[in-house]
Amino acid sequence: DGGSVDRDAQMCGVRLGKTFKNAGMSPTITLWYDNLSGTSDDDATGGDWGTFDVMYDTGHKFYGFMDFYLNRAGANSGYFGMQDIALKTKMSPKPGWTFKADLHHFRTAVNIAGNDGDTVATTKLGGKMDPDLGTELDLTLVHKYDANTKIAVGYSHYWTTTTFSQANAGGGANGATAGSNANDDADWAYVQIDTKF
C-alpha cells in the first residue's frame, strides 16, 4: 500500500534547438530528450517507488499526439519509466502556413532486458523484454485563415513493439487481446478549426 512505499523518482529533460531565420521557410529544428525514471528490480526489492509521476495529465503536448503516454503514474510503460528521444521540425512554406513534423522514439528508462529490470519484467511481462516501446511520427499543417481562425490538419503513425503491447494490453485490459499478438501499428488523423470570438 502507499504508506509502505518510499518515492525515489525523477525526471529530466533536455532541449536543443535552432531557428534559421535567414533561410527559406525559416525552418526550426529541435533535438529533444526526456527521461522519466521507472521502477527497477532494486526499487522493488527495497520497497521504493521509482516511477516518476507527472501528477497531472499533460495531454499530447509532450509525448506524441496519439496520447499513448497520458497515464500520469506511468502505467503505459509498465511502470518502467520512459525515455522520449525526439526530433522536431517546423517550417513556414508560405505566409500564414506552418508545417510541423515530430519523430518520437520511446524506450523504457529501466533496462528491462538487463539485470536492473529483468526480475520485475518477468513478473509483469512474462519474461525479459526489449526496452523499445515504439516510434511515433506526427505531421501537422496549420493555416491561419484570418485573425481569429486557424485550421489544422494532422496525421500520426505509431510503429508499435511487443514490449508496448505487453505493457498496455498484455493482460487483456480494455477489451484488448492478451499477449504480444496485440501489437498492430496505429494511425490517427484529424481536422481542427479553432475560432476565437
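The exercises below, each followed by a worked solution, concern a predicted model of a protein.

**Exercise 1. Overall fold**

Determine how many helices and strands the protein has, in which pattern they follow one another, and what share of the residues is buried.

Solution. Begin with the secondary structure, where the assignment gives 3 helices and 9 strands. Reading along the sequence, one then meets these elements in the pattern β-β-β-α-β-β-β-α-β-β-α-β. For the burial, the protein has 197 residues, and 36% of them count as buried, where buried means a relative accessible area under 20%. Turning to the surface, about 11,100 Å² is exposed, with carbon and sulfur atoms supplying 55% of that area. Finally, consider the contacts between residues at least 6 apart in sequence: 60% of these join residues that are at least 24 apart.

**Exercise 2. The salt bridge**

Identify which side chains meet in a salt bridge, and decide for each partner whether it is buried, partly exposed or exposed.

Solution. The structure holds 1 salt bridge, and the side chains that meet in it are those of Asp-34 and Arg-15, with an N to O distance of 2.6 Å. The next step is to place the partners along the chain: Asp-34 belongs to strand E3 and Arg-15 to strand E2, and the pair, 19 residues apart, links distant parts of the chain. Side chains of opposite charge can pair when their charged atoms come close. The accessibilities are then taken one at a time. Asp-34 counts as buried because its relative accessible area is 1%, whereas Arg-15 counts as partly exposed because its relative accessibility is 37%.

**Exercise 3. A nonpolar patch and the loop beside it**

Find which residues form the nonpolar surface patch, and then examine the loop between strands E2 and E3, in which Phe-20 lies.

Solution. The patch is formed by Leu-16, Phe-20, Ile-29, Leu-31, Leu-87, Leu-103 and Trp-159, which together have about 630 Å² of accessible area. Of these residues, Phe-20 can be located in the loop between strand E2 (11-19) and strand E3 (28-36), and its relative accessibility of 39% makes it partly exposed. Met-25 also lies in the loop between E2 and E3, and at 41% relative accessibility Met-25 counts as partly exposed. The backbone of Met-25 deserves a separate step, since its phi is positive, about 70°, although the residue is not a glycine. Most residues other than glycine have a negative phi.

A second residue can be treated in the like manner: Tyr-79 is not a glycine, yet has a positive phi of about 65°. Tyr-79 is placed in the loop between strand E4 (48-49) and E5, and counts as partly exposed at 28% relative accessibility.

**Exercise 4. Empty space**

Establish how much space lies in the largest cavity and in the largest pocket, and which residues lie nearest the centre of each.

Solution. Rolling a probe the size of a water molecule over the atoms shows where empty space is left. Applying a threshold of 30 Å³ or more, one finds 1 cavity in the structure. The largest cavity contains about 170 Å³ of space; it is lined by 19 residues, and those closest to its centre are Leu-36, Tyr-69, Asn-71, Gly-74 and Met-82.

The largest pocket contains about 630 Å³ of space and has 25 lining residues, with Phe-65, Lys-100, Thr-140, Val-142 and Gln-192 nearest its centre. As a last step, assign the lining to strands: at least two residues each come from E3, E5 (82-91), E6 (97-107), E7 (132-146), E8 (149-159) and E9 (186-195).

**Exercise 5. Two residues and their surroundings**

For Ala-167 and Trp-97, list which residues each touches beyond four places away in sequence.

Solution. Take Ala-167, which is found in helix H3 (residues 162-169) and counts as buried because its relative accessibility is 18%. Ala-167 touches Ala-75, Asn-76, Ser-77, Gly-78 and Leu-125. With Gly-78, the separation is 89 residues along the chain but 4.7 Å between C-alpha atoms.

Trp-97 lies in strand E6 and, with a relative accessible area of 27%, is partly exposed. The residues touched by Trp-97 are Met-91, Ser-92, Leu-141, Val-142 and His-143. Its C-alpha atom lies 8.9 Å from that of Tyr-145, a residue 48 places apart in sequence.

How values were computed:
Residues are numbered from 1 along each chain as its sequence is written. This is a predicted model: local features need pLDDT of at least 70, side-chain atom pairs count only at pLDDT 80 or more; totals for chains, interfaces and linings use all residues. Side-chain values use heavy atoms; hydrogens and water are left out. Helices (H or I, at least four residues) and strands (E, at least two) are DSSP runs, numbered from the N terminus. Buried means under 20% relative accessible area, exposed over 50%, partly exposed in between (1.4 Å probe, protein chains only). Contact means heavy atoms within 4.5 Å. Accessible areas come from the Shrake-Rupley method with a 1.4 Å probe; for residues, only the protein chains shown count as cover. Patches are made of residues with over 30% relative accessible area and no salt bridge: like charges are joined within 9 Å, nonpolar side chains (Val, Leu, Ile, Met, Phe, Trp, Tyr) within 5 Å. A salt bridge is a side-chain nitrogen of Lys or Arg within 4 Å of a carboxyl oxygen of Asp or Glu. On a 1 Å grid over the protein atoms alone, a cavity is a set of points where a 1.4 Å probe fits but cannot get out, and a pocket is an open set with protein on both sides within 12 Å along at least five of seven lines; lining residues have an atom within 4 Å of a point. Grid points are joined across faces, edges and corners, and a volume is the space filled by probe spheres set on the points.
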